[in-house]
Amino acid sequence: MNRQRRIGPPILTVEDICLSFGGVKALDRVSFEVREHEILAIIGPNGAGKSSMLNVINGVYHPQEGSVTFMGKKRHRMRPHEAAAQGIARTFQNIALFKGMSVLDNIMTGRNLKMKTSFLEQALYWGRARAEEIEHRRKVEEIIDFLEIEHIRKTPVGRLPYGLQKRVELARALAAEPQLLLLDEPMAGMNVEEKQDMCRFVLDVNDEFGTTIVLIEHDMGVVMDISDRVVVLDYGRKIAEGTPEEVRAHPAVIEAYLGVAH
Amino acid sequence: AEQFIPMLSYRVGPYAPGGSGFFGGYIDYLDMINKRDGGVNGVKLTWEECETEYKNDRGVECYERLKGKGPTGGTVFTPLSTGITYSLIERATTDKIPVISMGYGRTDASDGRIFPYIFPLVTNYWSQNTAKIKFIGMREGGMDKLKGKKIVNLYHGSAYGKETIPVLDLQAKKYGFEVKHIEVPHPGNEQQSQWLEIRRYKPDWVILRGWGVMNPTALKTAQKVGFPADRIVGVWWSGAEEDVIPAGDAAKGFISAAFHPSGRDFPVIQDILKYVYGSGSRGNMTDQSRIGQQYYNRGVIQGILTVEAIRTAQEKFGKGKSLTPEQVRWGIENLNIDEKRIRQLGAFGLLQPLKVSCFDHEGGGAVKFQQWDGERWKVISDWIASDQSIVRPMIEESAAKYAKEKGIKPREGISLGSDCGHYSENLKKIVSGG
Amino acid sequence: MFYREAGQFKTSYAADQQIFPIRQDRVGMALLLAIAYGVVPLIGNDYWFTAIMIPFLILSLAALGLNILTGYAGQLSLGTAGFMAVGAFAAYNFILRIPEMPFLLAFVLAGLTAALVGILFGLPSLRIKGFYLAVATLAAQFFIEWALIKFGWFTNYSPSGVIDAQTMTLFGFALDTPLEKYLLTLTIVSVLALAAKNLMRCETGRAFMAIRDMDVAAEVIGIPMLKTKLLAFAISSFYCGVAGALYAYAYLGTVEPQAFDLNRSFQVLFMIIIGGMGSILGSFLGAAFITLLPILLNVVAHAVFGGAVRTAILSNLELVIFGGLIIFFLAVEPHGLARLWHIAKEKLRLWPFPY
Amino acid sequence: MAFFIEVLIGGLLAGIMYSLVALGFVLIYKASGVFNFAQGAMVFFAALTCVSLIEHGWNFWLAVGATLAAMVLLGVITERVVLRPLVNQPPISLFMATIGLTFLLEGMAQLLWGAQPHGLDIGVQDVPLEVQGVLVSQLDLFAAATAAVLVTALGVFFSRTKVGRALRAVADDHQAAQSVGIPLHHIWAMVWAVAGVVALVAGLLWGARTGVQFALTFTALKALPVLILGGFESIVGAIVGGLIIGATEKLAEVYIGPYVGGGIENWFPYVLAMVFLLVRPEGLFGEKRIERV
Amino acid sequence: MVRSQPFVVTRTAKSPPLLAVNNIEVIYDHVILVLKGVSLEVPEGKIVALLGANGAGKTTTLKAISNLLRAERGEVTRGSIVYKGRRVDALSPAALVKMGVVQVMEGRHVFGHLTVEENLLTGAYTRRASRTEIRRDLELVYSYFPRLKERRNALAGFTSGGEQQMTAVGRALMARPTMILLDEPSMGLAPQIVEEIYEIVKHLNQSEGVSFLLAEQNTNVALRYANYGYILENGRVVMDGEARTLADNEDVKEFYLGVSKRGRLSFRDVKHYRRRKRWLG
Ligand SMILES: Nc1ncnc2c1ncn2[C@@H]1O[C@H](COP(=O)(O)OP(=O)(O)OP(=O)(O)O)[C@@H](O)[C@H]1O
Ligand SMILES: Nc1ncnc2c1ncn2[C@@H]1O[C@H](COP(=O)(O)OP(=O)(O)OP(=O)(O)O)[C@@H](O)[C@H]1O
Ligand SMILES: [Mg+2]
Ligand SMILES: [Mg+2]
């Protein structure tokens, strides 16, 4: 299938984002857009501001300047749960799973937004509340199945090895059925085989659910192979943007990030 | 035969000094009776302690645990804690077991027509308070001299502390003095602001209604702001050796109310020393120097009252028999210890004459005053009778309110073997909700 | 051997979503209830009902309430006793001031009042966290205690500040024997425990735990922080409030504000830590440990050394041993008794193989 | 005006007394991220031991020295028995362990020395100094001076030596601290020993004010609002927090108290601290919470 | 996946190894058996790589060596660990650091409330070195990671993931160890920095004789720099050998390096055959 055809108009636009912490300028007038259905990679050296960018998009950080437009709604600041309600989900660089809960419960929290019953009904666990729980459990099981983590369903996440935790985190994000999925280094700490699996999941999500994906990754192999477009940050500024091939050939990118080896 | 006496004691925590002294005296007295007289008319006294830690819930547990022990069950409970006493009121009434709360507990239980099983013997907080104002009046040279005087009521920030506020207000109106109530938050180990306020107010007297660490701290802080200790009058929970020793020199001159003096010169204490501690045997007190101190003597008095109650009951229900708690209750309600009996008991000056009835579960109501000289308490007054014209109506009204809330029908005429007299129309109205 | 789930296959999510998916647990629970309702009333006496079972159940309920807030939602609170006090005094005043008020309804209203107060004092939790929050909730504890003593209205101007619980009547039938009170307490606690269990395995519980484990991440996946935290405070305070009302009505019969002092707050906190944070079962185990162990020690000490050793020494020794046991159990399992039980079950599952 | 100043000074000096207890908390919190519930019990234990030795006829300084040794020993044992099994466990478990320790210490103290209260004379006459109509307590001044010395010493020790840094590292992450070779056990033992010494100082000064009795354990309660206001990790915070709490609680009691019936000293500092926390959740000098994703 | 081999100790040098792990078994929480008899050796002055999938037990092995397991409620129930001819199983982690073994933990574990520089300085805790000496080493670390110098006064908790990783590695270097246990050093680092880190490893190894045991997912780089490799699977060593030999092994190639006989596979179209479509139905 020709993927290019599926890519639609911009769904997310960030404009002139400036964000600083004390003296550190984490982001400096960064603008770019993300189009519907595409996989956009953000790359750049350590401390370039990539994670901060994701944090701005889903409302964890509030930029001093600039605006974020998502699905036609422009905003300056909002709370993360509002972003989530609009359909933005994400995973984290330093895994942010709920350590005290099982895999299943972690993923179920992802469906929180879709739950409608009140806590009183839940206390009774009768009728609607019960039906709802079971219904969502079914959905979650689909995701579990999809990500091939059936065997660890009931394990407390704290006990899982790193790689599987990343997968659970992805599952939790997917459970929200987001429009836009932000992935912060989803493949860090994995070997090639696992990265391949992960890539497959990312691509499948993109293909089958049409989810737009923004992803941060340091493995250039992965970036080159799966992303439609790449944005390069360095010291908080955008230094390049384009298709993987264009970016790889960009002198500033080679200088700042890739090094001569590539 | 034996008579089992449960002991809800406490020997750990902040209140341990009081608990160990009181129960030490109590147990030593019972022990002495066994050793000297072979029990009460041959009935051996036995007892068991249960640690309450001064906590209500532990107290209830202990009560339930001990109430069924012994041949006839727990004879009489003496929890030495207002909180526990309150928790036992209904239980004990249902179980028909008497509770003696001497100098603490529920003040309005002095109305025995509504609280048949509860005995705040000797004197209660309100009585004490009226005696105290009388004492201050005496010091000022007559009650009429109280007019225009300023008195501060420095009270512990708890229900216990607040309890005498209404009485004081009443008396202030009656005698024309000014009273200012100042609260010290629990536990009271910091009283800077209160005493600065007192200094500013310049009262003639300070009534110290303290508890635990609040007492020495008050005396220390008074010294700090230059308020003379001999113008501070404490209540009996402020007037034990434990309350003044930690204050050191600052306590010299401090006056406190007491319903009995300290000291070991009484024959009864001497008997304890002789029969219990003499000839190398071991009494209940680890530290024998505490014998004769406030808490210890209070325990001895408790012992006397308990034993006399049993004796009285035996007169009626049969000498030399183990009595049921119900029977002992009758003994308490018909206690009549006059001066002659007190002398026989070797407790002259230690105990005041006492006549309990269905109408009056307090029985005495007089208070002595003592002053700390840096070493020991010195008695500085005779028994000062309380002003029942103020206290009694308050008690009856409060008790009647309780009766109404609980749907209790006050005892009238002959009830439980005692004559309860007649219930006044006024009170009847309160009870029936008029 | 006896604790195997092998062979128990779930064929539907509904089955897997049951409260106790494993048959042995279901049987165990049924047995427990049967004992509580059937056997205990038969063999128990007043002592067992009033001194052991009732306080144990009531404090379990309070612990459950705190566990919801602290164990599940991660908000450390030292205001528990304050909320219990609100419950007790609210129930008293509802029954006192509203004629014909059924006491069960009064209990519910008392719980709701406590919930309101809880929400009020929960507001700072949005910004204040961890031990800081714990100390801030002390403000609630001290303030409530102070207000109840200070303003006579709450205690119906009782000069000693002690309130006497009115008799509980159900359909004109007075619940005043220890056995009746025990059954009442048992029923209320069972129902509320079941509700808590349900809540905690549903969306609400997951939202709580998410906030507890990582609040930023929870917000990112769409859990509104303020609302969730306040809900936790409300539910928790409701439980504490009902526990407070029971404490006054089914247990002591009289309470003074000091019955709900800071020590009580700490006591309940100890229960959930020693029992297991974030565990319904832990609330019960912890309550048993903290309330019953000292009694047990006392009884044993008297049975063994009674008379031979001075009671003062015994009492202090009990304290020392109690402290020592707390430390010992934590060293064995820092996550509390519930976890210990859990590990025991896992071992049973593997038995006779070591792992 | 003079009255205002008198209340203010009285409050500040009382605040210093709170700080003394708070210091012990700070030390342990700094080193393990844990709130030491047993601090009050340690104050009680230390003071009672010391005063009992004196009453058994020991020379004052000899008794202080012996108690000091006992407190150090206690610190070492605590580390060995209580803390070591709990490395890398959630702070709440450690917290609970200190509760166990509290019971243990309270029981031990009374087992060894009995439950009777004692007076304690530390040789400072407590007759007030009158400075322009304002009374100032000598004992409190002495306490303030002691606190100043203590704070300076501890402050220098923890900021100038690598131990101070290690302490904070341990509080952040037990395991990582171990991985870089910080001997957790020694650090903890040391800190607990120092906290024991601070407890002794606080115990003696408080004991001189209120007598040595079980209620010394309650001094811990007074330290809590100080801690939240100053910040759990800051030695300076303990002092500044103490001064602020002391002064405002006294002023509030005197000037606001009468309008609501008085006795507000117990909750007012907490409310004050709470309001302050809303603005600065880590207290005045506490470490910022790090929340990053 | 990888064909199972009986364990054979292939002595790479005549001298006894610097570190030998003999048949250890590790259990977490008293019930979870994770290592089922792992043996490996690190000869003096060599770089040894520990490879394996997620959950194979690499981290556990390293923690067993550095004695950090106890803090995780795990314990070594069988086998022994010998460093410089001395059993070290019972030592405290600090004592081991004193002997020269430092671990860089997986997942950074920087001290969040300390600045970057303070973090580095804690690394030198066990050393009895003069201030100037430590200053010099600090500068050395800064020369390895210039980015850290820029952020030296930032609280480590607020620095980026990569910066934290550099801090963690730099902190270990400050101990001047003779042996470093590196757990996934390349995780989260930009490709350039990954190379740099491995260059530093190589440098320390060659010029200072520091030995390394590294757990790594980035097999490609690891095998390029290591002398010897072990492959761990499910708590067992399933394969070991010279790094070059391993790199040439077909299975290793396919599963760890991502190259098959047909050359390097694109991440886009690899292994779709393994996909199960069940969830769609
Ligand atoms: N909350 C914060 N407070 C202070 N500084 C911050 C904060 N968040 C980010 N920074 C700083 O902003 C810069 C960019 O950080 P960011 O986490 O976005 O980097 P990154 O591109 O994701 O790097 P990496 O690839 O290493 O994860 C870093 O220097 C970091 O220290
Ligand atoms: N604290 C723990 N409690 C229980 N089980 C644990 C614990 N830590 C690890 N495990 C289990 O031990 C196994 C090995 O984990 P380990 O972390 O050693 O793997 P790893 O090879 O380092 O994996 P990764 O590459 O993902 O870091 C895993 O299956 C994990 O579930
Ligand atoms: Mg990042
Ligand atoms: Mg690992």
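Visitor: What makes the pair formed by an oxygen atom of ligand 1 and the side chain of A:Ser51 a polar contact?
Guide: In this predicted model, an oxygen atom of ligand 1 is 2.7 Å from an N or O atom in the side chain of A:Ser51, and a polar contact is a pair of N or O atoms within 3.5 Å (within protein, one must be able to donate a hydrogen and the other to accept it, and residues adjacent in sequence count only if both atoms are side-chain atoms), so the pair qualifies. An oxygen atom of ligand 1 is also 3.1 Å from an N or O atom in the side chain of A:His218, and a polar side-chain atom of E:Arg147 lies 3.1 Å from an oxygen atom of the ligand. The protein covers 95% of the 630 Å² of accessible area that ligand 1 has on its own (Shrake-Rupley method, 1.4 Å probe; for residues, only the protein chains shown count as cover).
Because the model is predicted, local features need pLDDT of at least 70 and side-chain atom pairs count only at pLDDT 80 or more, while totals for chains, interfaces and linings use all residues. Residues are numbered from 1 along each chain as its sequence is written, chains are lettered from A and ligands numbered from 1 in the order in which they are written, and side-chain values use heavy atoms, with hydrogens and water left out.

Visitor: Why are A:Ser51 and A:Gln93 called donors of the magnesium ion?
Guide: The OG atom of A:Ser51 and the OE1 atom of A:Gln93 lie 1.9 to 2.1 Å from the ion, ligand 3, and donors are N, O and S atoms within 2.8 Å of the metal (3.2 Å for Na, K and Ca), so both count, although sites may look incomplete because water is not among the atoms. A:Ser51 lies in helix H2 (residues 50–57) of chain A and A:Gln93 in the loop between strand S6 (88–90) and helix H4 (103–109) of that chain, so the pair ties together parts that are 42 residues apart in sequence. Both residues are buried (under 20% relative accessible area, with a 1.4 Å probe and protein chains only).

Visitor: How do you know that strands S1 and S2 of chain A pair?
Guide: Strand S1 (residues 10–21) and strand S2 (residues 24–35) of chain A run antiparallel and are joined by 8 bridges, and two strands pair if DSSP finds at least two bridges between them, so the condition is met. A:Thr13 stands opposite A:Glu33 in S2(A), and in the hairpin, which has 2 residues between the strands, A:Gly22 takes a positive phi near 55°.

Notes
Helices (H or I, at least four residues) and strands (E, at least two) are DSSP runs, numbered from the N terminus. Buried means under 20% relative accessible area, exposed over 50%, partly exposed in between (1.4 Å probe, protein chains only).
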